[in-house]
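Thank you for asking me to look over this model before you take it to the bench. My comments are set out below as numbered points, to be read with the coordinates open.

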Amino acid sequence: MIIKPNEISELIKEQIKSYSHKLETTDVGSVVSIGDGVSTVYGLDKCMLNELLEFPHGIYGMAFNLNEDSVGVVMLGSDQQIKEGDIVKRTGRIVEVPVGDALLGRVVNSLGQPLDGLGDIKCSAHRPIERIAPGVMTRKSVSVPPQTGIKAIDAMIPIGRGQRELIIGDRQTGKTAIALDTIINQKGKNCYCIYVAIGQKNSTVAHLVEKLKKAGAMDYTVVVSATASELAPLQYIAPYAGVTIAEHWMEQGKDCLVVYDDLSKHAVAYRTMALLLRRAPGREAFPGDVFYLHSRLLERACRVNEENGGGSITALPIIETQAGDISAYIPTNVISITDGQIFLQTELFNAGQRPAIDSGLSVSRVGSAAQIKAMKQVAGSLKIELANYRELQAFSQFGSDLDAETKKVLNHGEKLMEVLKQNQYSPYSTNRQIIELFAAKNRFIDDLETASVKKSLDDLFDDISLNHHDILDELDAKKVISNELDAHMKEVMSVFFNKLK
């Protein structure tokens, strides 16, 4: 038998055509390069954005760049054991976190794994961390206040359930303190809280969890922790994990509060990953899509209508400024996304005004729509009175001869600033805020010594709680100060403050 060469070549060609390898490049790839927590993988033709990819030794990565013939992957674990040529497999799943009531009271990482040493978390459901925000037609207007328990905020910069209110200021001005007080004040209000710590020290997060436990707030709170020692990808996905946990409850009709502390460190973590994977930097060396990063996160905070569950997510993102510069790139980005900001000023903080809220630069775009009627009645003129005080205070430093009217405005403003002072971890009930602001508005405190204002107001509330409980009952029932209640409160306060003279 004679073997003809052309027959052999035809046979080989036929076999090559029909040959199919068990491992297709659509589902399996190989590591081309690895280092600095990022990897380039050849193959994985059908890979999805943010898909979880399995590396050898039980290490996972997240698909971040989908290039024409390779995938840029950020590692979710140590890359020390990974080497060039290693096989990488698709899991077919977008990065997801467990959701459900089992998370309450727990401290977890960005992937929902426990960090508190209290055992496994038995959640029946998981949700992908990325999701398109609810559309306009599924939303409901913001009208119910979550009440922060902080007089200066609830009176002048009211926040509504479903709102996104930015807390902004230099380091060590009390930004986290405002967020914590708001969480503590949700006790007994059927509101679940998620605190997301991004790029903070482990000791800071541990101290914070201890404070929440002491106040009994961990019963309805989840802490998602991605500290400074964690990999940049885990810091990057932490806020998305936090809002995903909240969305599960929102769709069940529950109200949620999510604190992102803080998004400036989140932007830095994203920049680290993006530049390592050679995404082009733009203004101030941040990649151009850093705006989309925060907008797609904060747009997921909303209040949905009854057909879609009827719940809400209120977002309190925190941004750290450098020397009070709110015109920097990341601060202006987040200011333009949110529905207002609470601006904390270093000068006020150093002068002993706690919380150090600048009522001039702070604003809520929802405004009095998120206030009960009684609060509107007592706080309506507060911002204007403080603005007048600050303006005259600046001029009065240069002149010694002040007329009686100017002295009156300065004295009243000084007392108002004292009324707005509040200790940390001691949020006030709405009724207490209304009574104190009513006394300030009607100038009952103007004749007191500035140093004794706080104690006098504490005594006033104790007196009303003991001897005039009908005032509190009516405020609870009607949430409005009627003409009769107004007269009754003035009468009670006149008697009380006359005793102090």
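The points that follow take up the barrel, the open sheet, one helix and a few single residues.

1. Please keep in mind throughout that this is a predicted model. The distances, angles and accessibilities quoted below are therefore values computed from a prediction, in which local features need pLDDT of at least 70.

2. The barrel is a good place to begin. Six strands close into a barrel in the order 1-2-5-4-3-6, and their pairing is antiparallel. From one strand to the next, the twist averages 45°.

3. Strand 1 can be followed to both of its partners in the barrel. With strand 2 (residues 38-43) strand 1 pairs in the antiparallel sense over six bridges, and one of the pairs to look for is Ser30, whose bridge partner in strand 2 is Tyr42. The two strands make a hairpin with two residues between them, and in the turn Asp36 has a positive phi of about 60°. On the other pairing, three bridges join strand 1 (residues 28-35) to strand 6 (residues 87-94), again running antiparallel, with Gly29 standing opposite Val88 in strand 6.

4. Strand 2 carries the barrel onward to strand 5 (residues 70-75), to which it is joined by five bridges in the antiparallel sense. Within this pairing, Ser39 stands opposite Val73 of strand 5. When you inspect side chains here, it may help to recall that in a regular strand they alternate between the two faces of the sheet.

5. A second assembly of strands is open. Eight strands form this sheet, in the order 8-12-11-13-14-10-15-16, and the pairing is mixed. Strand 8 (107-108) and strand 16 (363-364) stand at the edges with a single partner strand each, so one side of each is left without a neighbour in the sheet. Helix 6 (residues 263-276) packs on the sheet and touches strand 11, strand 13 and strand 14, its direction making about 75° with that of strand 14.

6. Within the open sheet, strand 11 (residues 191-198) and strand 13 (residues 255-261) run parallel and are joined by seven bridges. Cys191 stands opposite Asp255 in strand 13, which gives a convenient pair for checking the register.

7. Two residues of helix 5 deserve a look. Ala238 has its place in helix 5 (residues 232-250) and counts as buried because its relative accessibility is 0%, under the 20% cut-off. Leaving aside neighbours within four places in sequence, Ala238 is in contact with Ser110, Val196, Ile198, Val224 and Ala226. Pro233, which is also found in helix 5, has 5% relative accessibility and therefore counts as buried. With the neighbours within four places in sequence set aside, the contacts of Pro233 are Val74, Met75, Leu76 and Met273.

8. Which residues does Asn305 touch, not counting residues up to four places away in sequence? They are Met137, Thr138, Arg139, Lys140 and Gly310. Asn305 is found in the loop between helix 7 (290-298) and strand 14 (312-320), and at 11% relative accessibility it counts as buried. A polar atom of the Asn305 side chain lies 3.2 Å from the backbone oxygen of Met137, and a polar contact of 2.6 Å joins the side chains of Asn305 and Asn308.

9. Helix 16 (residues 483-500) has the length one would expect, because its 18 residues, at 1.5 Å a residue, should span 26 Å, and its end C-alpha atoms are 26 Å apart. Its buried residues are Leu485, Met489, Val492, Met493, Phe496 and Phe497. These cover an arc of only 125° around the axis, which puts them on the same side of helix 16. That buried set packs against helix 13 (430-441), helix 14 (453-467) and helix 15 (469-478).

10. The opposite face of helix 16 should be read alongside this. Turned away from the buried side, it carries the exposed residues Asn483, Glu484 and Glu491. Glu491 counts as exposed because its relative accessibility is 55%, over the 50% cut-off. The C-alpha atoms of Glu491 and Val224 are separated by 50 Å, the two residues being 267 residues apart along the chain.

Conventions: Residues are numbered from 1 along each chain as its sequence is written. This is a predicted model: local features need pLDDT of at least 70, side-chain atom pairs count only at pLDDT 80 or more; totals for chains, interfaces and linings use all residues. Side-chain values use heavy atoms; hydrogens and water are left out. Helices (H or I, at least four residues) and strands (E, at least two) are DSSP runs, numbered from the N terminus. The expected span of a helix is 1.5 Å times one less than its number of residues. Buried means under 20% relative accessible area, exposed over 50%, partly exposed in between (1.4 Å probe, protein chains only). The arc is that of the directions from the helix axis to the C-beta atoms. Contact means heavy atoms within 4.5 Å. A polar contact is a pair of N or O atoms within 3.5 Å; within protein, one must be able to donate a hydrogen and the other to accept it, and residues adjacent in sequence count only if both atoms are side-chain atoms. Two strands pair if DSSP finds at least two bridges between them. Axes are lines fitted to C-alpha atoms, for helices over the stretch in contact, and angles run from 0 to 180 degrees between N-to-C directions.
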